[in-house]
Each structure stands twice: as structure tokens, then as C-alpha cells.
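Open the model in your viewer and keep the selection tool at hand. The tour goes from one residue pair outward to the whole chain.

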Amino acid sequence: LIADRQEGIGVCGWILVSLSFLLVLITFPISIWACIKLVIREYERVVVFRLGHILSKKAKGPGMILILPCTDTLIKVDLRTVTCNIPPQELILTKDAITTQVDGAVYYRIHSAVSAIASITDVHSATFLLAQTTLRNVPGTQILAQLLASQEEIAHSIQAILDSTMEQWGVRVAQAEIKDVRIPVAFQRPMAAEAEAAREARAKVRSTAIGKMSASKTLKQASMVLAESPAGLQLPYLQTLTTLAAENNSTIVFPLPINVLESLGQKNRGG
């Protein structure tokens, strides 16, 4: 960083500083009003330049600042959190070739006043442009479904990218948010139809599964009742014969109990 290089002001610079000190001493106490430049608030810091060089690696404040009136200049920096409202970014093409509009917000603050002054011309304008570009580029690496379902993860990715770049500017990103994702009407209708079809398919599968489960439970209960009364099996047999006799069939179906077949099998094996 430029602020990390402490360079000397040279022989001429020291002569000018000495003359400034002398002028202050000669005109004291009148000159004290020129030396007391301003009072710095708790949320502010001041970067002091002496003959064009940063006077200290650390900004001054809060409190009262004393400067030499002839050689020192100062720049005030606000350390409070700034809200950067990013307008909707038009025609963002996702990975699956769908155009969207995305808008968001970035909350950041300056943690190093010296770096914010010495490393970049306008830190707030640069932060806004970088956030705007990042918000346009990052959604382009995702498909639309991921963009809609994983907005928090994408916001964290945007925050990490901004932090890695803006750290050298003395700026720290507190939070990045995606406020809204807008999809053109031409894409909304097919997506709604696809989602409705998927819901209907899941409902049909669920209803079929529930029906089969209910039928299996009923069959289990029926088998338990028939096990207690084997003679009850004759009723389904007779009902089946009645159904077959109602039609003009030349085939006669005669139900044979299973226990009879078992007894016949045992006799054959015995014979």
C-alpha cells in the first residue's frame, strides 16, 4: 500500500516545517486558532498530509486535531457502515441461457482511513461499481433453479469476492444480499406449467401408494378373519360362480378347496 511507505520530506521540507513552527511560536497565542483545525467525532478519522506526505500510518481521531497551518492539509473519512443499493441488473444470462434481472444490496464500512485515501481515488464509487459488476457476473455462473433456491449461498460468494478485492482499499464488507430475482413473463408460464405437472405427478404417486397400502391392510384383516372361519371361503367361491354363470360361457369352473388337494396328494404319496 502507498500508506505503508513512509518517505522523508527532504531538506527543503524540513526547512519549511521549521519556519512554520517558528511562525506559530512568534504569533502565539493568536496562531493557536489556526492550528486547532477541527474536532473529530467518534465515527470519523482524519488523514493528515504534511507537504504531500502522509504524516502517520494511522489516521488521527477522535478528538481535537492540531496541525501546522502552512504545511499540513487533512482529509476527513467517515467510518460508519454505508448501504450500497444496487439497481436491477438487466439481461443477466444464466448458465442455462435464461435472461433474468437481479438486484441486491451491499453493506460495507471503511476500517483503514489511510488506505481508503491513499489507495484509490473515490472508494465509495469504486465499491458501487465493483458490487454492480460482481452481482452481474456471479449469477451468470448458476442455472436458474440454483439462482432461485440458493440465493444465500450466492450472496456469500459475492461477499467473498468483494472482500478479497476491497481489502486493499481499506474497506470491509459486512454483508451482501440478493433482494430480488425477476424472470421474464415468457419464461414464467412454461416454468409454472412444468412445476404444476411435477406436483400432479407427485400427488398421483402418493395417492397410488396410499391406496395400495390401504388395500394391503384390508386384505391382511380379511385373511385373519378367514383364518378363524375357513368355511367363509365358500362364499367368495359361490360369488365367483355366480359372476361366471351370468355370462354365456361354455366353460364350467368348479372351485376345489386347497385342503382337498393336499389330502389327495398325501394319499398318492402313501399309495
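Select Val48 and then Leu74: Leu74, in β5, is the bridge partner of Val48. Bear in mind during the tour that this is a predicted model.

Next, select residues 44–50, which are strand β2. How many bridges join β2 and β5? There are seven, and the two strands pair in the antiparallel sense. In general, strands of a sheet pair through backbone hydrogen bonds, either parallel or antiparallel.

Now add the rest of the sheet. Three strands form it, in the order β3-β2-β5, with antiparallel pairing, and the sheet is open. Select 53–54 for β3 and 72–78 for β5: these are the edge strands, and each pairs on one side only.

Leave the sheet and select residues 123–137, helix α4, together with residues 151–166, helix α6. The two pack at an angle of about 145°, and their axes are 10 Å apart. Is the crossing of α4 and α6 right-handed or left-handed? It is right-handed.

Show the side chains where these helices meet. On α4, pick Thr127, Leu130, Ala131, Thr134 and Leu135; on α6, they meet Ile158, Ile161, Leu162, Thr165 and Met166. Of the residues in this contact, seven are nonpolar, three are polar and none is charged.

Finally, select everything. The protein has nine helices and eight strands. Of its 271 residues, 26% are buried. Turn on the surface: the accessible area comes to about 18200 Å², and 61% of that belongs to carbon and sulfur atoms. Among contacts with a separation of 6 or more, 71% are between residues 24 or more positions apart.

Key
Residues are numbered from 1 along each chain as its sequence is written. This is a predicted model: local features need pLDDT of at least 70, side-chain atom pairs count only at pLDDT 80 or more; totals for chains, interfaces and linings use all residues. Side-chain values use heavy atoms; hydrogens and water are left out. Axes are lines fitted to C-alpha atoms, for helices over the stretch in contact, and angles run from 0 to 180 degrees between N-to-C directions. Helices (H or I, at least four residues) and strands (E, at least two) are DSSP runs, numbered from the N terminus. A crossing is left-handed if the near helix is turned anticlockwise from the far one by less than a right angle, and right-handed if clockwise. Contact means heavy atoms within 4.5 Å. Ala, Val, Leu, Ile, Met, Phe, Trp, Tyr, Cys and Pro count as nonpolar, Asp, Glu, Lys and Arg as charged, and the others, Gly among them, as polar. Two strands pair if DSSP finds at least two bridges between them. Buried means under 20% relative accessible area, exposed over 50%, partly exposed in between (1.4 Å probe, protein chains only). Accessible areas come from the Shrake-Rupley method with a 1.4 Å probe; for residues, only the protein chains shown count as cover.
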